[in-house]
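Colleague: I'm new to this one, so bear with me. Please take a close look with me at the surroundings of the ligand, and tell me how that part fits into the chain.

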Amino acid sequence: MRLCVDADLCIGVGQCELLEPEIFRVDDDTGTSTVISAPILPNQRAEALVDQCPSGAIQIDPDVNPTPATPPDTD
Ligand code: SF4
């Protein structure tokens, strides 16, 4: 999975940068985190990072990880 940050939700706590300094950087000017490199992470690691963001700003990148199509309802 690949992650992205919603800057409107980020409160700049910096937990992401602490956990993954190669991926996230909190900008001193804006006070929000950005993704500086976007490796494909194992699902478990990506989901753990999403869970550890206190504001819900870290999200699964939908452009890289599209929601699988649901099969048609056969009822
Ligand atoms: S952990 Fe979440 S709220 Fe904190 S800086 Fe990172 S993206 Fe922003």
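Modeller: One term before we start: a residue is buried if 20 or more other C-beta atoms lie within 10 Å of its own, exposed if 12 or fewer, and partly exposed in between. Keep in mind that this is a predicted model. By that yardstick, buried residues make up 17% of the 75 residues in the protein chain.

Let's get our bearings. The protein chain has 2 helices and 4 strands, and they come in the order β-α-β-β-α-β when you start at the N terminus. Along the principal axes, the C-alpha atoms fill a box of roughly 55 × 25 × 20 Å. If you take the contacts with a separation of 6 or more, 60% of them join residues 24 or more positions apart.

Now to the ligand. It has 16 residues around it, and the closest are Cys10, Val13, Gln15, Cys16 and Cys53. Two elements, α1 (15-19) and β2 (24-26), give two or more residues to this shell. Sorted by class, the shell has 11 nonpolar residues, 5 polar ones and no charged ones.

Some of those names come back in the largest nonpolar core, which has 11 residues, including Cys10, Cys16 and Cys53. Others in that core are Leu3, Val5, Ile23 and Phe24, along with Ala46, Leu49, Ala57 and Ile58. Here β1 (3-5) and α2 (43-52) each supply at least two residues. Ala57 is a handy one to click on: setting aside neighbours within four places in sequence, Ala57 is in contact with Val5, Asp6, Leu9, Cys10 and Ser33. So Cys10 is a contact of Ala57 and also one of the residues closest to the ligand.

Next, look at Gly12, in the loop between β1 and α1. Gly12 counts as partly exposed because 16 other C-beta atoms lie within 10 Å. Not counting residues up to four places away in sequence, Gly12 touches Val26, Gly31, Thr32 and Ser33. Thr30 is 18 residues from Gly12 along the chain, with 8.7 Å between their C-alpha atoms.

Finally, Asp73 sits in the segment after β4 (58-60). Asp73 has 5 C-beta neighbours inside 10 Å, so it counts as exposed. Asp73 and Gly12 are 61 residues apart along the chain, and their C-alpha atoms are separated by 42 Å.

Methods
Residues numbered from 1 in each chain as written. Predicted model: local features only at pLDDT ≥ 70, side-chain atom pairs only at ≥ 80, totals over all residues. Near = placed C-beta within 6 Å. Nonpolar A, V, L, I, M, F, W, Y, C, P; charged D, E, K, R; others polar. Core = buried A, V, L, I, M, F, W, Y, C linked by C-beta atoms within 7 Å. Contact = placed C-beta atoms within 7 Å.
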